[in-house]
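Reader: I have a model open and would like to talk through how its parts meet. Could you take me through it?

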Amino acid sequence: MMLRTRRSLAVLALSLAMAAPLAAQAAQVKDRWVGAWASAQLAPDAKNSLAPEDYRDATLRQVVRLSLGGDKLRVRLSNTFGTRPLTIKAAHVAVSAALDSARIKPETDRALTFSGRTEVTIPAGAEYWSDPIALKVAPLTSLAISLRYVEAPDVQTGHPGSRATSYVLAGDHVAAADLPGAKTADRWFQIAGVEVVPTAKKAAAIVAFGDSITDGYGVQPNTNLRWTDALIERLKGKNLAVLNQGIGGNRVLLDGLGPNALARFERDVLSQPGVTHLVLLEGVNDLGTLTREAPATPEAHKALVDQVIAAYRQMIARARARGIKVIGATILPYGGSAYYHPGPESEADRQAINAFIRAPGNFDGVIDWDKALRDPAKPTHLLKAYDNDGLHPNLAGYKAMAQAIPLSLFDAK
């Protein structure tokens with residue numbers, strides 16, 4: 001009888017232990033999550049990677065800015081490009097004390113768990129949500145995410161164009177108020193998203209999907225001066241997040257710096273929680289690379305235009321199938337680019353693609369950035385006041401991009 005009682009007590013204890021994570025998971029399913037910050041993942045090249053020895057038994061603290069507030073949050077970690085499992089020994093979040101510093105506000109520090117455990121092993125090619133934590137955050141909060149590693153990933157996953165400084169220091173410092181002596185890198189690693197249970201019931205997310213112009217080429221670290229940041233400022237009080245899924249050098253059709261747009265569309269757009277709108281600005285790198293090294297035949301020009309438009313149609317159809325409104329953005333003029341040095345044929349290709357974007361019915365809305373930023377006296381070029389290098393807008397140009405967006409495009413359907 002005593003043996004049976006002991007067995008019964010053991011079974012009961014095991015059941016209770018299993019019930020706690022299951023209860024937490026059930027509550028998580030009931031919550032309505034919306035992306036507050038996100039970053040497009042890729043496998044960085046050597047110059048954009050951390051040295052393997054920097055990872056070994058070290059803490060990496062990274063700072064992101066949330067565009068939506070909430071009462072709970074969870075963090076999405078990524079081993080998307082890894083070919084072996086990656087172990088994170090511990091993870092913490094806290095409100096950052098300063099944009100350009102590793103300092104946190106200690107009273108806001110929270111340990112992350114994963115199915116109730118403080119350690120997580122992320123399978124190769126996978127992403128992993130943390131359990132929800134109670135931490136009230138306001139829109140535009142800078143959040144510090146601290147990860148403790150055992151060793152370096154075999155293939156790193158991250159985002160080189162962070163325009164934010166990250167800090168790495170040997171040892172376990174996930175809860176430390178500061179990281180004096182830390183090495184710095186203007187990159188993000190293993191963090192793919194922060195999602196919140198928003199305080200406003202009708203909160204939603206806009207995905208900005210694009211290349212270096214969306215990623216913020218030319219924006220200095222820790223300044224938050226991309227066009228997406230300026231849009232976030234314009235959307236104050238509308239309970240709309242802006243998720244920047246730009247990758248520098250990205251193309252619609254071919255891989256380059258990161259997977260091509262179609263290859264990453266499911267992960268970077270359709271899988272984002274709470275997304276209701278997509279702003280699509282992609283194609284200038286497809287146009288530019290076609291003729292960068294040598295002229296192309298008329299047949300190659302036509303094929304490129306046809307294929308880019310076909311890819312747009314794919315993305316539009318797939319987004320609409322998920323109830324997402326797709327807003328097409330015209331490709332900006334780049335006739336002054338010394339990197340691509342486009343000729344009349346490439347300009348004709350740009351005009352053909354922009355004509356498709358502007359044509360009624362192809363997209364659910366249009367942002368005409370070509371019209372807003374071009375030089376009226378020389379329409380193949382950016383207006384001098386907005387021009388960085390003939391291809392990318394400068395800071396005034398990014399601000400002008402945000403100002404040119406009709407906010408009515410994001411009205412509830």
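Author: Across the interface of domain 1 and domain 2, 14 residue pairs are in polar contact, both residues being at pLDDT 80 or more; a polar contact is a pair of N or O atoms within 3.5 Å, where within protein one must be able to donate a hydrogen and the other to accept it, and residues adjacent in sequence count only if both atoms are side-chain atoms. This is a predicted model, in which local features need pLDDT of at least 70, side-chain atom pairs count only at pLDDT 80 or more, and totals for chains, interfaces and linings use all residues. Residues are numbered from 1 along each chain as its sequence is written, and side-chain values use heavy atoms, with hydrogens and water left out.

Reader: Okay, and how many salt bridges are there between domain 1 and domain 2?

Author: The count is three, a salt bridge being a side-chain nitrogen of Lys or Arg within 4 Å of a carboxyl oxygen of Asp or Glu. R65 forms a salt bridge with D229, with the closest N and O atoms 3.4 Å apart.

Reader: Where do the domain bounds fall?

Author: The assignment, which is automatic or from a database, gives domain 1 as 32–199 and domain 2 as 200–412. Their C-alpha centres lie 27 Å apart.

Reader: What area do they bury between them?

Author: About 2,500 Å², 51% of it on carbon and sulfur atoms, where buried area is the accessible area (1.4 Å probe) that two parts lose on being put together, summed over both. R65, S67 and R163 supply 27% of the area that domain 1 buries against domain 2, more than any other three residues.
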